[in-house]
Amino acid sequence: MVRPKGSEGHRASERMRLQKYLARAGLASRRACETIIVEGRVSVNGEVVTALGTKVGPTDEVRVDGEVVEPLAQQMTLMLHKPAGYVTTMDDPQGRPCVAELVPLSEHPSLYPIGRLDADTTGLLLFTTDGELGHGLLHPSHHVDKTYLAMVEGDPDPVALDRLRAGVELEDGMTAPASVELLDGAAREEAVAAIGDGPQASGNGRRHGGKRSRDALASGASYVRVRIHEGRKRQVRRMFEAIGHPVIALHRASFGPLVLGGTVRGEWRELTVDEVAALRRASGTDGSA
Ligand code: URA
């Protein structure tokens with residue numbers, strides 16, 4: 001839970017074009033922010049600015065329609081090693097444990113999760129205050145890969161795995177081709193360690209997984225690495241259900257260029273400047289598009 005040297009907060013002290021600043025603050029896409037500027041709705045230090053080349057920095061007061069835009073110097077992007085038992089929401093009306101409890105919200109109130117993991121899924125969950133980055137990473141056109149380790153019931157045969165590779169029919173349509181690998185040897189051991197106690201793993205002492213999962217554990221399970229770029233609801237679980245090998249436990253090991261690595265379960269760390277730059281490239285928000 002440290003802010004490493006060279007973290008995003010340091011980089012955010014740069015001066016940048018006004019439309020980029022507004023997009024990063026989460027106002028809208030860069031293109032839409034250009035329109036907002038040209039319409040005369042933006043002021044910098046009390047002066048209305050309509051020129052798109054205007055540069056602003058952390059000491060400038062930027063307002064849109066009279067409302068102050070949160071300074072980018074406080075911007076933050078982090079990875080959380082999500083434990084099982086937490087819902088991906090910043091506020092749960094049902095009072096369930098939620099990921100908001102695990103990240104530094106009081107320091108960075110505009111942090112939000114980039115996508116979601118099911119309550120029972122563990123692993124890499126990114127958070128950011130940077131609306132443009134979050135939006136870019138989730139946009140389907142950017143095809144950002146996510147890698148999952150799945151502990152599944154039974155022993156999927158090559159034909160079943162090929163179905164996942166080619167794409168399977170789900171109720172919301174065919175899945176895109178996936179990279180799928182049945183793990184054995186050292187890779188399987190690594191997956192076992194990453195998934196931990198499987199359906200019993202929980203950050204709050206609660207138990208997960210029903211009788212069927214425990215029976216499957218007793219009779220032997222398989223470990224599969226799956227890489228997909230789509231992000232449909234419960235997609236990996238539904239893909240394995242479609243081939244008759246339900247998921248017992250699921251863990252996200254990587255998101256785009258980032259791997260979870262040694263981040264301890266239940267803890268977060270701020271991304272380095274290089275990691276944020278890699279995410280920007282993956283999401284098409286590095287200005288090269
Ligand atoms: N796919 C799922 O089924 N669940 C997750 O949490 C993430 C991907």
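## Cysteines

Searching the whole structure turns up zero disulfides. Keep in mind that this is a predicted model. Two cysteines are worth a look anyway: Cys33 is buried, at a relative accessible area of 0%, and Cys98 counts as buried too, with 7% relative accessibility.

## A four-stranded open sheet

Let's move to the strands. Four of them make up an open sheet, and reading across it the order is E3-E2-E5-E6, with antiparallel pairing. Strand E3 (47-48) and strand E6 (67-68) sit at the edges; each has a single partner strand, so one side of each is left without a neighbour in the sheet.

Further in, strand E2 (residues 42-44) and strand E5 (residues 62-64) run antiparallel and are joined by three bridges. If you want a spot to find that pairing on screen, look for Val44, which stands opposite Val62 in E5. As a reminder, strands of a sheet pair through backbone hydrogen bonds, either parallel or antiparallel.

## Strand E10 and its partners

How many of the eight residues of strand E10 (residues 146-153) are buried? Eight of the eight are, so E10 is largely enclosed by the rest of the structure.

E10 pairs with two strands described here. With strand E14 (residues 221-228) it makes eight bridges in the antiparallel sense, and Thr147 has Arg227 as its bridge partner in E14. Strand E15 (residues 247-255) also runs antiparallel to E10, joined to it by seven bridges. On that side, Tyr148 stands opposite Arg252 in E15.

## Around the ligand

Tyr148 turns up again here, since it is one of the residues around the ligand. The others are Leu117, Asp118, Thr121, Arg234, Gln235, Val236, Arg237 and Leu250.

Backbone atoms supply some polar contacts. A polar backbone atom of Arg234 is 3.3 Å from an oxygen atom of the ligand, and for Gln235 a polar backbone atom is likewise 3.3 Å from a ligand oxygen. Arg237 joins in with a backbone N or O atom 3.0 Å from an oxygen atom of the ligand. Taken alone, the ligand would expose 240 Å², and the protein buries 95% of that.

## Helix H9 and what follows

Helix H9 (residues 273-283) has a run of buried residues, Glu275, Val276, Ala277, Ala278, Leu279 and Arg280, and Ser283 is buried as well. Just after H9 comes Gly284, which takes a positive phi of about 70°.

Note on methods:
Residues numbered from 1 in each chain as written. Predicted model: local features only at pLDDT ≥ 70, side-chain atom pairs only at ≥ 80, totals over all residues. Heavy atoms only, no water. Pairing = 2+ DSSP bridges. Disulfide = S-S within 2.5 Å. Buried < 20%, exposed > 50% of the residue type's maximum accessible area, 1.4 Å probe, protein only. Near = heavy atom within 4 Å. Polar contact = N/O pair within 3.5 Å; in protein donor to acceptor, adjacent residues only side chain to side chain. Areas by Shrake-Rupley, 256 points an atom, 1.4 Å probe, with all protein chains shown as cover.
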